[in-house]
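Student: Please show me the protein, and then we can go through how it is built.

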Amino acid sequence: MGSMAYEPEGLVFDPTPLFSRRVQRWEPGAIRSLLPLEAIPGMISLVAGKPNPETFPFSKIAITLNGPEETTIVLENAALAEALQYGLPAGHGGLIKWWEGLQQAVHGVGHATSWTCCVGNGSQELIHKAFQVFTDPGDPVLLETPAYPGVSAFLRADGHELIEVGSGPDGVDPSDLESVLSAWPFNRRRPSVFYTVPTGSNPTGRSCTEINKARILRLAKRFNFMIFEDDAYYFLNFEEDPSKRARSYFSLEQEVNGETGRVMRFDSLSKIVSSGMRLGILTGPVPAVQRVVKITENINLQPSSTSQVLALSLFRHWGYTGFVEHCAKAAEFYRHKRDAFAAAAERHLQGRATWDVPTAGMFFWLKLVLPPGKDSFELLSKKGIENRILAIPGMAFLPNMRKACHLRASYSLVSDPDMDEACRRIARLVDDAWLDEFTYTAKSEARQEQALLRSVGKVMA
Ligand SMILES: Cc1ncc(COP(=O)(O)O)c(C=O)c1O
C-alpha cells in the first residue's frame with residue numbers, strides 16, 4: 001500500500017464541457033433522488049415503494065471465509081434488512097467510503113473532494129454508462145488496441161467510429177496516439193475519450209509503463225480528452241515489489257499535469273472477490289460520477305444491495321491491509337498459472353508462435369506463425385473445434401475486426417496438464433496449417449504442370 005502522505009488538492013479540471021448531448025437529457029430519477037433525504041433525523045418518509053422486509057423469507061445470511069480459522073460473516077437484523085432492501089443509486093454509502101479510503105491509500109491521492117466513487121453491477125456496467133456521459137452515438141472513440149471486446153462491441157453497436165491506438169510490450173504507444181491526434185482534421189469532431197486497460201491488458205497481458213502513462217496524461221491535457229482507465233486486473237500484478245509497479249493514471253495525474261479531473265478509473269471485484277457478486281467501482285471527477293449515477297437512477301435503480309453489504313462486511317473484517325494481502329495471494333495464484341502456461345508454450349510453441357510473458361492478469365496473447373493469408377479465426381473455428389481446442393481469435397480484439405494471426409489464451413481455470421495439452425494442440429493446428437499449405441501448393445503446381453503438358457501436347461498435335 002502507498003504511504004498515507006496525501007498530496008494536497010491542486011487545480012481541478014471541470015469535465016462538464018465534454019459531456020455528451022444525450023446525457024444532458026437525463027432528468028434526476030423522481031423517486032431515487034429523494035432517497036438520500038430519508039436519512040435526515042426525524043424525517044418520516046412516504047417516498048419509496050419499498051417492500052416491508054418482514055415479508056422477506058430470510059432470517060440471516062452467513063458466509064464462511066476460506067482459511068484455517070473458518071471465519072463466518074453473518075448478516076442479520078439491521079444488516080440483513082439493509083442487504084435485502086432497495087438502496088441508493090450511487091451504491092452503499094459505507095462501501096463507497098471504504099473504497100474511497102482504499103483509493104487514497106493505494107493510489108496516494110488526496111481526500112475525496114473533487115473526486116468520488118460510485119458502485120455498479122460490475123465495472124462493465126459503469127464503463128458503458130461512462131461512455132454515455134462523454135459520447136454520443138457515432139462519435140469517434142480512441143481505443144488502446146488490441147482492445148477488450150466487451151467494450152468495443154457496444155461502441156460498435158452504437159455506431160461509434162473506433163480509432164485504434166497501437167500498443168507494445170510497454171503498453172499503449174503514446175507516439176501513435178499523438179500522431180493520430182496531431183493529424184486530426186480541424187473540421188471533424190474530436191474524440192473525448194481514450195479507453196485503455198493498463199494492467200495485464202485483456203487480451204495482451206501487458207502492462208503500461210509509468211513513462212507511457214505520463215505521456216498519455218500530457219496528451220489528454222493537450223488534446224482535451226478523458227482517460228478511461230479500466231483497471232480490472234490492477235490487483236493481479238505479478239511484480240512482487242509494489243514500488244516497481246507502474247502507478248495508475250489516477251495516481252499520476254496531479255504530478256504529471258498539475259491538475260486532476262481527466263481520469264475515470266474503473267475497478268472490479270470480479271477477479272479478486274467474486275465475479276458473480278457483480279460489483280465494480282467507478283472513481284472519477286464528481287460531476288461525471290454524478291451523471292453516471294443519474295443514469296443508474298433511471299435505468300436499473302442501483303447495484304445489488306445484498307452483494308454490497310456482503311462485500312462491505314468482508315472488507316471491514318479484513319481492513320485495508322487484509323484486503324491487499326488477499327489480493328497479493330490471488331496474484332500469487334495466477335503467477336503460478338502464468339509460469340505453468342509459459343513453460344507449456346516454451347515446450348510446444350517455439351517457432352510456431354511468439355508471445356510476451358504476461359506481467360499481470362490472466363491472458364497470453366499468442367501470435368501464431370501461419371502461412372501467408374491464413375488467420376486464427378478460420379483456424380480456430382474449423383480445425384480448432386475438430387481438435388478440441390477453444391481460444392478466442394485475435395480478430396475479436398481488433399476494434400475494426402481485421403484478420404489476425406493472434407489468439408487469446410486464458411490460463412485462469414486450466415490445470416497444468418491441460419495447459420500442456422492445449423499448447424500441444426495449438427502447435428498441431430499450426431503444423432497442419434502449413435501441411436495443408438504445402439499440399440495445396442504441391443497440388444496446384446502439379447495441376448499447372450499437367451495443364452502445361454496438355455497445351456504443349458495440343459500444339460505438337
Ligand atoms: C478489461 C476488462 N474490463 C472489464 C471487465 C468486466 O468486469 P466486471 O466483471 O467487473 O464487469 C472485464 C471482464 O473480463 C475485463 O476483462
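The turns below deal with a helix and a sheet.

Tutor: This is a predicted model, in which local features need pLDDT of at least 70, side-chain atom pairs count only at pLDDT 80 or more, and totals for chains, interfaces and linings use all residues. Residues are numbered from 1 along each chain as its sequence is written.

Student: Which strands stand at the edges of the open sheet of seven strands?

Tutor: Helices (H or I, at least four residues) and strands (E, at least two) are DSSP runs, numbered from the N terminus. The sheet has mixed pairing and the order β4-β13-β12-β10-β9-β5-β6, where strands pair if DSSP finds at least two bridges between them. Each edge strand has a single partner, so one side of it is left without a neighbour in the sheet; the two are β4 (115-120) and β6.

Student: Which residue stands opposite Leu-142 in β9?

Tutor: Strand β5 (residues 140-144) pairs with strand β9 (residues 193-196) in the parallel sense, over two bridges. Opposite Leu-142 in β9 stands Phe-194.

Student: How wide is the arc that the buried residues of α11 cover around the axis?

Tutor: In helix α11 (residues 376-386), Ser-376, Leu-379, Leu-380 and Gly-384 are buried (20 or more other C-beta atoms within 10 Å of the residue's own; exposed means 12 or fewer, partly exposed in between, with C-beta atoms placed from the backbone). The face turned away from them carries the exposed Ser-381, Lys-382, Ile-385 and Glu-386. The arc is that of the directions from the helix axis to the C-beta atoms. The buried residues lie on the same side of α11 because their arc is only 90°.
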